[in-house]
Amino acid sequence: MAENKQSLSDKVKGAVSKTKGEAKDQIGNAKNDKGMQADGKKDKAKGNLQDTAGKLKENYDRH
């Protein structure tokens, strides 16, 4: 059961990182701020990795 909480935690963290990254990317785009856009893209990539980690943990728990 602890593993399920870990996988859910990773998925939630991933969703937050992706949302934060998307906001930074869009604000950076609107302000023509390449640095903010780059930070946003990094946050989105981090979120994707966290989400993938959560899915892998979930699949591991099932087997």
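**Exercises on a predicted two-helix pairing**

Lys24 is partly exposed in this predicted model, with a relative accessible area of 27%.

**Exercise 1.** Determine which acidic residue pairs with Lys24, and classify that partner as buried or exposed.

*Solution.* Begin with the contact itself: the side chains of Lys24 and Asp43 meet in a salt bridge, with an N to O distance of 2.9 Å. Next, place the two residues, Asp43 in helix α2 and Lys24 in helix α1, so that the pair links distant parts of the chain, 19 residues apart. Finally, because buried means under 20% relative accessible area, Asp43 counts as buried at 13%.

**Exercise 2.** Work out which parts the salt bridge between Asp25 and Lys44 ties together, and which network includes the two residues.

*Solution.* The closest N and O atoms of Asp25 and Lys44 are 2.8 Å apart. Since Asp25 lies in helix α1 and Lys44 in helix α2, the pair ties together parts that are 19 residues apart in sequence. Asp25 is buried, with a relative accessible area of 8%, whereas Lys44 is partly exposed at 22%. Both belong to a network of salt bridges that also links Glu22 and Lys41.

**Exercise 3.** Check the span of helix α2 against its number of residues, and state what caps its N-terminal end.

*Solution.* Helix α2 covers residues 34-62, and at 1.5 Å a residue its 29 residues should span 42 Å. Its end C-alpha atoms are 42 Å apart, which agrees with that expectation. At the N-terminal end the cap is Asp33, a side-chain oxygen of which lies 3.1 Å from the backbone nitrogen of Gly35.

Technical notes
Residues are numbered from 1 along each chain as its sequence is written. This is a predicted model: local features need pLDDT of at least 70, side-chain atom pairs count only at pLDDT 80 or more; totals for chains, interfaces and linings use all residues. Side-chain values use heavy atoms; hydrogens and water are left out. Helices (H or I, at least four residues) and strands (E, at least two) are DSSP runs, numbered from the N terminus. The expected span of a helix is 1.5 Å times one less than its number of residues. A polar contact is a pair of N or O atoms within 3.5 Å; within protein, one must be able to donate a hydrogen and the other to accept it, and residues adjacent in sequence count only if both atoms are side-chain atoms. A salt bridge is a side-chain nitrogen of Lys or Arg within 4 Å of a carboxyl oxygen of Asp or Glu. Buried means under 20% relative accessible area, exposed over 50%, partly exposed in between (1.4 Å probe, protein chains only).
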